[in-house]
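Reader: I'm new to this one. Could you show it to me and then let me ask how you know what you say?

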Amino acid sequence: MKLDDVGDRDGAPVVYLHGGGDSRLSRHPDDSISAELGVRLLAVDRSGPAVRGRTLRSCADEVIAALPVARFAVVGWSAGGPHALAVAAAAPDRVTRVGLVASMPTPDGVAVLPRDVRNVMRIARVAPRVAARALEAWGRQPTPPTGSLLTDEAYARGRIESFRSGGLWLARELAYLGRPWDFDLTDVSVPVTLWWGKDDRVCPPSIGRDFERRLPNAALRLVDDTHQILFTRWREILLDAAA
């Protein structure tokens, strides 16, 4: 797994896990923000050549093995959200805090996702290569606006990097996100902050409310924003994770 290690090298480690169809570059591009906040940002990439047989738990183990730090917080955006929870469940003695940012839902909650997302998840479970071709076509579309030109450009670069090796990695990921997860939400005992935009049409706020009910120690922060809340609230998200 590729990893960007930026910000304050002596700061509080925060692991960032990107969304689906994104990469480690899909974040606020100004890494001086991390340094200013005293955060050592470790942005881990799941994109690249597809890994057959990967699950949420095995991916979490890969992430943990790649980290150069003993203890850390973890932030996951969109499809990175379930992965952040899996990391916390797999390493309860190492994870200090979790930030779920507009996360994808548990498998029993996918009905609230947009129809096109539900359809490609369904296809991915039975014909991942067919799903991969559809995802690659989607990946060539412009990324949604994030609120500033600086972050718009970073989002677009992250999308290009995501599909550099094709879309099969994402198809396989969406397939396992739609199957029963190989860990329990009750295994996530650390504090979890749920960041959600009221106007999120990709992963609606009802997902955040569901996580707040089901996680042992979670608090929902519902703000005036969209699915791109990661970019507009980047500073606040990092500051909370490093607390």
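Author: Sure, here is a short chat about one helix and two cysteines in this predicted model.

Reader: How do you know that Cys59 is in no disulfide?

Author: A disulfide needs a pair of cysteine sulfur atoms within 2.5 Å. For Cys59, the nearest cysteine sulfur is that of Cys203, and it sits 17 Å away. Cys203 is in no disulfide either, with the sulfur of Cys59 as its nearest at 17 Å. The count by this rule is 0 disulfides.

Reader: Why is Cys59 called buried?

Author: Buried means under 20% relative accessible area, and Cys59 has 1% relative accessibility, so Cys59 counts as buried. Cys203 also counts as buried, at 1% relative accessibility.

Reader: Now helix H6: how does its reach compare with the span expected at 1.5 Å a residue?

Author: H6 runs over residues 149-162, which makes 14 residues. From first C-alpha to last it reaches 20 Å, close to the 20 Å expected.

Reader: Which residues of H6 are buried?

Author: Thr151, Ala154, Tyr155, Gly158, Arg159, Glu161 and Ser162.

Reader: What makes you say those buried residues line one face of H6?

Author: Look down the axis of H6: the buried residues fall within an arc of 165 degrees, so they line one face of the helix. On the face turned away from that buried side you'll find the exposed residues Leu149 and Ile160.

Reader: And what do the buried residues of H6 pack against?

Author: One strand, E4 (72-77), plus the helices H5 (128-139), H7 (168-177) and H9 (229-232).

How values were computed. Residues numbered from 1 in each chain as written. Predicted model: local features only at pLDDT ≥ 70, side-chain atom pairs only at ≥ 80, totals over all residues. Heavy atoms only, no water. Helix = DSSP H or I, 4+ residues; strand = E, 2+ residues; numbered from the N terminus. Expected span 1.5 Å × (residues − 1). Buried < 20%, exposed > 50% of the residue type's maximum accessible area, 1.4 Å probe, protein only. Arc of directions from axis to C-beta. Contact = heavy atoms within 4.5 Å.
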